[in-house]
Amino acid sequence: MASQTLYLLPASLGEEDSASVLPATYRDIIAPLRFFFVEEARTARRFLRKAGFTADFDGVTFVPVNEHNRHLGIDELLLQNGLDSRQLPEQMGLLSEAGLPCVADPGATVVAWAHAHGLTVKPVCGPSSLFLALMASGLNGQCFAFQGYLPADPEGRKKRIKQLEAWSQQQHQTQIFIETPYRNAHLWESLVSTCRAGTRLCVAKNLCMPQEEIRTMRIADWKQAGAPDFHKENAVFLLLAD
């Protein structure tokens, strides 16, 4: 499979026009592809159409790789879909559900498989909510860490927040994390009730969309201002303890 190429294909972050956040060459890259690793075939088809993909989907293969099956090896996953890894096309795509593949996304297992089998891996430019939030936060962009999701239970979440705040102060390191939209308000409440008054917190919502909102304040000021109206929206949280 040494001559094969896996394209890492970003997606728009919401319902915004994909042409505003993806490179002009994107349509040319996806046009010849007939094989995609995706999180969900239905949403992948919808996005590809919006991005200008015109081929008949009857001739396109979608292999789902998501939180339900990523514990399986990719070769095993291909077999479950009636496919032989030795007979895959020369060009394939890995399509993220939103933003960049493999960043807060299960696609890393596919990329690891590609490297192990000698494929050429080609990342394609696109939007990253994490880096857009970091850029706009005013926090330290020289030293930062993405922590993924914090614990769902309130006590575990507060313990983790205290740990991240301590690390942030010791290393002057921006801590970046995300949450499922319906728990954003709970996370914000845990942050303002746990962090010190002088710690800076950025909440970046709906990046690249018309209702985008990015605010950085110290915890004491957040307590006075009150919680953002999350409305089950996508958000990125960043904190820096000075």
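In this predicted model, strand E6 and strand E7 (residues 174–178) run parallel and are joined by four bridges. One point of reference along this pairing is Tyr 149, which stands opposite Ile 178 in E7. Between the two strands the chain passes through helix H6 (residues 154–171), and the resulting β-α-β crossover from E6 to E7 is right-handed.

A second parallel arrangement is found around strand E2. Four bridges connect E2 with strand E3 (residues 61–64), the two running parallel, and Phe 37 stands opposite Val 63 in E3. Here the chain goes from E2 to E3 by way of H2, again as a β-α-β crossover that is right-handed. E2 also pairs with strand E4 (residues 91–95), in the parallel sense and over two bridges; within E4, Gly 93 is the bridge partner of Phe 36.

The side chains of E2 deserve separate attention. Phe 35 and Phe 37 lie on one side of the strand, Phe 36 and Val 38 on the other, and all four are buried, so that both faces of E2 are covered. Phe 36 also belongs to the largest nonpolar core, which has 23 residues; Leu 9, Tyr 26, Phe 36, Leu 48, Phe 53, Phe 62 and Leu 95 are the members that touch the most others. Strand E1 (5–9), helix H1 (26–30), strand E2 (35–38) and H2 each give two or more residues to this core, and the largest share, four residues, comes from H2.

The description now turns to empty space. The largest pocket holds about 1,300 Å³ and is lined by 45 residues, with Glu 39, Glu 97, Ala 98, Ala 104 and Asn 234 lying nearest its centre. Helix H2 (41–50), helix H5 (129–137), strand E6 (144–149), strand E8 (200–205) and strand E10 (235–240) each supply at least two residues of this lining. H2, already met in the core, also provides the largest share of the pocket lining, with five residues. Sorted by class, the pocket lining comprises 21 nonpolar, 13 polar and eleven charged residues.

The structure also holds one cavity of 30 Å³ or more, and the space in this largest cavity is about 30 Å³. Its lining consists of Val 38, Glu 39, Val 65, Leu 94, Leu 95, Ser 96, Asp 105, Pro 106 and Gly 107; five of these residues are nonpolar, two polar and two charged. Several of the names recur from earlier paragraphs: Glu 39 is among the residues nearest the centre of the largest pocket, Val 38 is one of the buried residues of E2, and Leu 95 is a member of the largest nonpolar core.

Notes:
Residues numbered from 1 in each chain as written. Predicted model: local features only at pLDDT ≥ 70, side-chain atom pairs only at ≥ 80, totals over all residues. Heavy atoms only, no water. 1 Å grid on protein atoms, 1.4 Å probe; cavity = no way out; pocket = protein on both sides within 12 Å on 5 of 7 lines; lining within 4 Å. Points joined across faces, edges and corners; volume = space filled by probe spheres on them. Nonpolar A, V, L, I, M, F, W, Y, C, P; charged D, E, K, R; others polar. Pairing = 2+ DSSP bridges. Right-handed = clockwise from strand over helix to strand, strands pointing away. Core = buried A, V, L, I, M, F, W, Y, C linked by side-chain atoms within 4.5 Å. Buried < 20%, exposed > 50% of the residue type's maximum accessible area, 1.4 Å probe, protein only.
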